[in-house]
Amino acid sequence: MIYTSVDNKKIKDIKKLNTKKYRDKTNLFLVEGRHLVLEAYKRGYLQTLILEENEIFPLDVDTMYVSNNVINYISTLETPQLVMGVCKKIEEKEIGSKILILDDIQDPGNLGTIIRSAVAFNVDTIVLSKNTVDLYNSKVLRATQGLIFHVNIIVKDLKEFVPFLKQNNYTIYGTRVTHGKSLKDIYKSKKFAIIVGNEGNGLSDEMIELADEFVYIEMNSNCESLNVGVATSIILYELDK
């Protein structure tokens, strides 16, 4: 069977996955492109494979064939991908000992970059504040290059979660542009969390109060600050040494 009508209920429901409200309601999300679909499949999150009627991508999963006009209707891209997938949201796992906390990151590209770096530098868990950009935003998903499926990512109320970590003997590092310790000089606790702040405002006052120590990246006076994705990548690299 080939789905050809954009008025079909099943197609309309897939289209709705482009909205956060419907993703939250169904615990499903949509990925576009062969690479993301394959990564979701390998990790067991792909529920339904969606193929343009002339595409071949044999995976052992429920498969829908759709016409080109339906692909164009569902897609969020100017040049739609001919391979898509409906995925289950990622299951929470144990948090581990090396945690990255994101305090209201807003830019999808920054979040995607940070997720890739977290995987590269062996972070166990990424914790998103409730006001961080939605993990399943299509731009975030593309920016992760499929590495969203390779790390534990959870959403928490940070004002409750960070004290929980402190009670369980995690050292809490906050980030500052100045007035902290150089990354080279900090003692790396066996159990720690590093909190990274919002692009414009940095750490919230609540997170500043909860941090045990502050770290900063040494750089020359020509540069006042770094993009949060770049800065986080450097910090995670240093902490992984």
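**Nonpolar cores and internal spaces**

In the predicted model, Leu102 makes contacts beyond its neighbours within four places in sequence with Leu111, Ile114, Ile126, Val127, Leu128, Ser129, Thr132, Leu158 and Val196. Leu102 also belongs to the largest nonpolar core, a set of 47 residues in which Leu49, Leu100, Leu102 and Ile126 touch the most other members. Helix α9, spanning residues 228–239, supplies the largest share of this core, with five residues. A second core, separate from the largest and formed by 18 residues, includes Ile101, Ile154, Leu158 and Leu165.

Empty space within the structure was examined next. One cavity of 30 Å³ or more is present, and the largest cavity encloses about 90 Å³. Its lining is made up of Leu17, Asn18, Arg23, Leu30, Val31, Glu32, Leu36, Thr76, Tyr136, Ser138, Leu141 and Arg142. Two or more of these residues are given by each of β2 (28–32) and α6 (138–144). By character, the lining of the largest cavity comprises six nonpolar, three polar and three charged residues.

The second largest pocket has a volume of about 310 Å³. It is lined by 17 residues, of which Lys89, Asp134, Leu135, Tyr136 and Val155 are the closest to its centre. The elements α2 (20–26), β7 (125–129) and β8 (152–156) each give two or more residues to the lining of this pocket, and β8 gives the most, with three. Eight residues of the pocket lining are nonpolar, three are polar and six are charged. Tyr136 thus appears both in the lining of the largest cavity and among the residues closest to the centre of the second largest pocket.

How values were computed:
Residues are numbered from 1 along each chain as its sequence is written. This is a predicted model: local features need pLDDT of at least 70, side-chain atom pairs count only at pLDDT 80 or more; totals for chains, interfaces and linings use all residues. Side-chain values use heavy atoms; hydrogens and water are left out. On a 1 Å grid over the protein atoms alone, a cavity is a set of points where a 1.4 Å probe fits but cannot get out, and a pocket is an open set with protein on both sides within 12 Å along at least five of seven lines; lining residues have an atom within 4 Å of a point. Grid points are joined across faces, edges and corners, and a volume is the space filled by probe spheres set on the points. Helices (H or I, at least four residues) and strands (E, at least two) are DSSP runs, numbered from the N terminus. Ala, Val, Leu, Ile, Met, Phe, Trp, Tyr, Cys and Pro count as nonpolar, Asp, Glu, Lys and Arg as charged, and the others, Gly among them, as polar. A nonpolar core is a set of buried Ala, Val, Leu, Ile, Met, Phe, Trp, Tyr and Cys residues joined through side-chain atoms within 4.5 Å. Buried means under 20% relative accessible area, exposed over 50%, partly exposed in between (1.4 Å probe, protein chains only). Contact means heavy atoms within 4.5 Å.
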